[in-house]
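Subject: Structure handover

Hello,

Here is the structure for your files. My notes follow below it.

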Amino acid sequence: MVSIADYYAGKNVLITGATGFMGKVLVEKLLRSCPEVQTLYLLVRAKAGQSMQERVSDMMKCKLFDRVREDNPDFHQKIVPISSELTQPALAISPEDVERLTSCVNIIFHCAATIRFDEPLKHALQLNVMATQQLLNLAQQMHHLQAFIHISTAYANCNRRHIDEIIYPPPVEPKKLIDSLEWMEDSIVRDITPRLIGDRPNTYTYTKALAECVVQKESSKLSIGIIRPSIVGASWQEPFPGWIDNFNGPSGVFIAAGKGILRTMRANNDAVADLIPVDMVINLTLAAGWYTAVHRPKAALVYNCTTGGINPFHWGEIEHHVMSSFKRNPLEQAFRRPNANITSNYLMNQYWILVSHKFPALIYDLYLRLSGQKPQMMRIFNRLHKAIGLLEYFSSQDWEWNSENMNMLMSHLSPEDRKTFNFDVRQLNWPEYIENYCIGTKKYVLNEDMSDIPAARQHLRKLRNIRYTFNTLLLVFIWRVFIARSQMARNIWYFVVSLCFKFLSYFRASSTLTN
């Protein structure tokens, strides 16, 4: 059977969401591991004052493409940006580009989506559902299309505890919902959104479930595969360990903990943290594209790309390894020493938010005001609390995902393809991965130099000394204000101290007798 790299040789590939986190890794992996691929057409829009060409050019200058650049300095010639806007009719692709795409594209990878959990429902529908339908309409016009691969999420059906590799009935008929919301004012849609999404936590998971339904309806006309990754994190191995380029999901939480800003988070220590490295997701995606095109399954195959059921790792373990990693490799100019605590108790969490977040933020902002600077710490903490609140649903409970199709796909790969396009999560060493993840946030997100680690460690020692000094002064203050002025308080204090001395004396005597 033809290998994965041989299959993609000479193929024209259309990719949406190529400038996003997963899209970049997909483009890089195709260029590096399938060097004979013909052309990569990227649907891109102008954004933030940058033209389509400028955005793609900036993407290709990214460190992510260093290995590709070494092998083929002219790799950019294989990339063709196509002007597009996912929220516009027919994706705003020009007639000339439509003709070019329909005449040559062999495979589509649909990665584009809004991943904001608090996205307004109308906008989430436009990007996640309506854009998917528009792309499927374009796909049906393509003369040489062999596979359509849609990137969904493992949490599209998070209202269920056990999730099979099937497309579940949608919560509502997508077209009826779109038609109904079209005439409504945004304020009305905002008011009815909680009732519409029902037992799903946000508009993201709700609209991704609707998108799967839209894709399924076209499965009789197209060869389709659906990839459902869980929480996508930094790379495991490729193109190098720990690559990450954003603050989304766990990355922002890790950085906040490493900076000493985050001290508490509400989560279940025993719940499975279903992280999946981005390179494993992309390897599975490319393998699924190959399998869908070569075997042409009769129905759309769904691949639950998760780790929890095969190689579980828990939130409590993540907390331990993240803290340990940032103490060995500290971030520069930390606010406090890394020392985050995970708790599932709501009242305890609120107590630590007050004591470890809001109170220090108020003091620091007061210091900034007195020194003539603009206060900012309370604003940072408010944004952090909002982000963590959106993650609580996923960090406080477990799901069970069936992974038969993922195992089936792995069994069809040759030994060489299993090595080149590795998505075997059983090989994932979690402590090593979390270490590389934390270092990746330091190197690639914050752009900090690893040679400055000794200075960062010195800064942590300085923060430790400040903390000890503050605690000592606080103890003296409490003594002077409360204990020194009350005979009862002094009696209690002396009793506790004498009890401690007696315990130490007993312990020493017992140790001596034993020896």
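First, a word on the annotations: UniProt positions are given in the numbering used here, feature names are shortened, and annotations may be inferred rather than shown by experiment. This is a predicted model, where local features need pLDDT of at least 70, side-chain atom pairs count only at pLDDT 80 or more, and totals for chains, interfaces and linings use all residues. Residues are numbered from 1 along each chain as its sequence is written, and side-chain values use heavy atoms, with hydrogens and water left out.

Annotated domains

UniProt lists "domain: Thioester reductase (TE)" for residues 15-284, in an unreviewed entry. That span is 40% helix and 14% strand. Its end C-alpha atoms lie 16 Å apart. Helices (H or I, at least four residues) and strands (E, at least two) are DSSP runs, numbered from the N terminus.

A further UniProt annotation, "domain: Fatty acyl-CoA reductase C-terminal", covers residues 357-448 (unreviewed entry). Here the chain is 68% helix and 2% strand. The end C-alpha atoms are 25 Å apart.

Helix packing

Two packed helices are described by the angle between their axes and the distance between the axes. Take α12 (residues 315-328) and α17 (residues 430-445): their axes come within 9 Å and cross at roughly 50 degrees. That makes α12 oblique to α17. Axes are lines fitted to C-alpha atoms, for helices over the stretch in contact, and angles run from 0 to 180 degrees between N-to-C directions. Under 35 degrees counts as roughly parallel, over 145 as roughly antiparallel, 65 to 115 as roughly perpendicular, and the rest as oblique. The crossing of α12 past α17 is right-handed (near helix turned clockwise from the far one by less than a right angle; anticlockwise would be left-handed).

Aromatic rings

The structure holds 23 aromatic pairs. In one of them, the ring centres of Tyr 393 and Trp 399 are 5.8 Å apart and the planes are at 45 degrees, so the pair is tilted. The cut-offs: rings of Phe, Tyr and Trp (its six-membered ring) pair if their centres lie within 6.5 Å; planes under 30 degrees apart are stacked, over 60 edge-to-face, the rest tilted. Are these two residues buried or exposed? Tyr 393 is partly exposed, with a relative accessible area of 21%. Trp 399 is buried, at 10%. Buried means under 20% relative accessible area, exposed over 50%, partly exposed in between (1.4 Å probe, protein chains only). Both residues belong to a cluster linked by ring pairs, with Phe 117, Tyr 155, Tyr 204, Phe 394 and Trp 401.

Two lysines sit over rings. Lys 11 lies over the face of Tyr 7, at 4.4 Å from the ring centre. Lys 29 does so over Phe 421, at 4.9 Å. The test is NZ of Lys or CZ of Arg within 6 Å of the ring centre and within 35 degrees of the ring normal.

Backbone points

Glu 238 and Pro 239 are joined by a cis peptide bond, with omega about -10 degrees. Pro 239 lies in the loop between β8 (231-233) and α10. Helix α10 (residues 250-258) holds Phe 254, which is buried at 4% relative accessibility. The C-alpha atoms of Phe 254 and His 320 are separated by 12 Å, at 66 residues apart along the chain.

Ala 92 is not a glycine, yet has a positive phi of about 55 degrees. Ala 92 is in the loop between β3 (79-83) and α5 (95-104), partly exposed at 39%. Gln 333, also not a glycine, has a positive phi of about 50 degrees. Gln 333 is in the loop between α12 and β12 (341-343) and is exposed at 63%.

Best wishes
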